[in-house]
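Have your viewer ready and the selection tool at hand. This tour moves from one selection to the next and says what is there at each stop.

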Number of protein chains: 2
Amino acid sequence: MKRTSPHPEGHRDDVDTRSRLLEAARSLFITQGFRGTSTRAIAAQAGCNLSLIKYYFGSKEGLLREVLRPEIESVRSLIDALDGDVPPSAEQLQAFFLGLARHIDANRWFFRLVFAELLREGSPLSQEMLEPIRGNQAVGRRLLLRAKDAGMLRDVDIEVALMGIIGSLLFYHLGYPLASMLVGPRSPAVIERIGLASADLFLHGILKQPGDPASRAGKETAR
Amino acid sequence: MKRTSPHPEGHRDDVDTRSRLLEAARSLFITQGFRGTSTRAIAAQAGCNLSLIKYYFGSKEGLLREVLRPEIESVRSLIDALDGDVPPSAEQLQAFFLGLARHIDANRWFFRLVFAELLREGSPLSQEMLEPIRGNQAVGRRLLLRAKDAGMLRDVDIEVALMGIIGSLLFYHLGYPLASMLVGPRSPAVIERIGLASADLFLHGILKQPGDPASRAGKETAR
DNA sequence: GGGATGTAATCAAACGTTTGATTGACTTGG
DNA sequence: CCAAGTCAATCAAACGTTTGATTACATCCC
């Protein structure tokens, strides 16, 4: 038997197996989905016994929750970082969308997992899974509203614009297993370019251009 | 056509049960996904015996294929209708995107099912499910390329623009169970407005505007 | 005309497998 | 010794599939 863990902190011997279980579950949930992954497959990939899932996480769903938790926290901290009280500007909007693009791309395993699960009903965790996405949207909405109040935007529907931006970024990155089947393989170098291009595309679509009529702050929401 | 079911062609008495099975499978696949729907649940909702799935469709996967087939054909005919050899114009682009928006919304059960299944690996039918989407993209790409050749577009990446448009439309409509959780309930009246607004948003982002260099574009986009 | 035969449609029951969960016992380092 | 870890073994339930029999209605031959 390999007792390979020196376990410096007292009874923290479980770190080894527990994190192996977490990593195995993460990779399998991503590729096979939550329902599509069996606890036996997780235990096998982690190289341990099936019952240790119950021992460490209580249940399969508890394991999923634990897989998601650090990601949700990391997303929340990133949202706080992107948010801020600086006055609205085109550069700020572009920085936000670019940051969003980078973040979605860097964590696309998470978004893929969340969306694959959310696209069907009756899936566990729907509410807590949605929280970071909701937070992202809230920050983007606030930024757009402030820009609109400052007269920077065309008379566009804020919600439509926001969902267009987020939707296209999600499709670029989280949907890339699909997108790559549709338009070809993704190269790592193209990610930044996509983020920049889509931000440009949208900002061109919502920012006032030199030829546009004079500023006016309107009130509009997506019903 | 050449399905090897026990009855190549026969009494149309089977229409009743067979179509009840199809309808039950369709509604269950949409809400529960393919893996998440049991053959017993399908048979129960159709009010017939379990083994009739094998009798009529060979297997559960054969049933899914048959559920999808008419939809795929309808999509293909719509693509042909949207395609055409008219000279590129802003109106043509807008009509295409608007038609795409209407179509995705009208058939969002299909896109939801396809994407939920495609977001995980090892799902059946991935290739044939992708076909109509691929066709949609091909037509959109050709339209954009012709518009670009005619000098109507800014110097945007066609693929990025195309995926942005399609991605945002998909997010609006197929993702609306998510989107409604994020921004509130969808009202039927808002669909057309969303299609118009997103088409406007994107066309504003890709079409050359009066202020742009070397502009010779049909500029206007309905609002 | 009427029994024999054929076939499409349907069913109840069971098959073998896989699922998530659970139990009880063995192995260790402290 | 003992509590933390780990395991093989097992459970009931659910899964997709298969079998064998039964119905209802044609078509056939005598």
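Start where the protein meets nucleic acid, and keep in mind that this is a predicted model. Select α3(A): with three residues, this helix gives the largest share of the surface near DNA strand D. Now widen the selection. At least two residues each come from α1 (15-32) and α3 (51-57) of chain A, and α2 (39-46) of chain B likewise supplies at least two.

Next, show everything around DNA strand D, which is surrounded by 19 residues. The closest are Thr17(A), Cys48(A) and Asn49(A) from one chain, and Ser38(B) and Ser51(B) from the other. Colour this surface by class and you should find five nonpolar, eight polar and six charged residues.

Step back to the whole of chain A. How many helices and strands are there in chain A? There are ten helices and zero strands, so read along the sequence the pattern is α-α-α-α-α-α-α-α-α-α. Of its 223 residues, 37% count as buried. Among contacts in chain A with a separation of 6 or more, 71% are accounted for by residues 24 or more positions apart.

Colour chain A by domain next: domain 1 covers 1-58 and domain 2 covers 69-223. Where the two touch, domain 1 of chain A contributes four residues and domain 2 of chain A contributes six. The domain 1 side of this contact has three nonpolar residues, one polar residue and no charged ones.

Now go inside. The largest nonpolar core has 98 residues, and those touching the most other members are Ala25(A), Ile42(A), Phe97(A), Ala161(A), Ala25(B) and Phe97(B). Select helix α8 (residues 158-173) of chain A to see the largest share of this core, ten residues. Then centre on Ala25(A): leaving aside residues up to four places away in sequence, Ala25(A) touches Ile42(A), Leu63(A) and Val67(A).

Last stop: helix α5 (residues 90-106) of chain A. Put a distance between its end C-alpha atoms, which lie 24 Å apart. That agrees with expectation, because 17 residues at 1.5 Å a residue should span 24 Å. Which residues of α5(A) are buried? They are Leu93(A), Phe96(A), Phe97(A), Leu100(A), Ala101(A), His103(A), Ile104(A) and Asp105(A). As you look along the helix, recall that an α-helix has 3.6 residues a turn, so residues three or four places apart point the same way. Phe97(A) closes the loop of the tour, as one of the core residues that touch the most other members.

Notes:
Residues are numbered from 1 along each chain as its sequence is written. Chains are lettered from A and ligands numbered from 1 in the order in which they are written. This is a predicted model: local features need pLDDT of at least 70, side-chain atom pairs count only at pLDDT 80 or more; totals for chains, interfaces and linings use all residues. Domain bounds come from an automatic or database domain assignment. Two residues are in contact if their C-beta atoms, placed from the backbone, lie within 7 Å. Ala, Val, Leu, Ile, Met, Phe, Trp, Tyr, Cys and Pro count as nonpolar, Asp, Glu, Lys and Arg as charged, and the others, Gly among them, as polar. A residue is near a molecule or strand if its C-beta atom, placed from the backbone, lies within 6 Å of it. Helices (H or I, at least four residues) and strands (E, at least two) are DSSP runs, numbered from the N terminus. A nonpolar core is a set of buried Ala, Val, Leu, Ile, Met, Phe, Trp, Tyr and Cys residues joined through C-beta atoms within 7 Å. A residue is buried if 20 or more other C-beta atoms lie within 10 Å of its own, exposed if 12 or fewer, and partly exposed in between; C-beta atoms are placed from the backbone. The expected span of a helix is 1.5 Å times one less than its number of residues.
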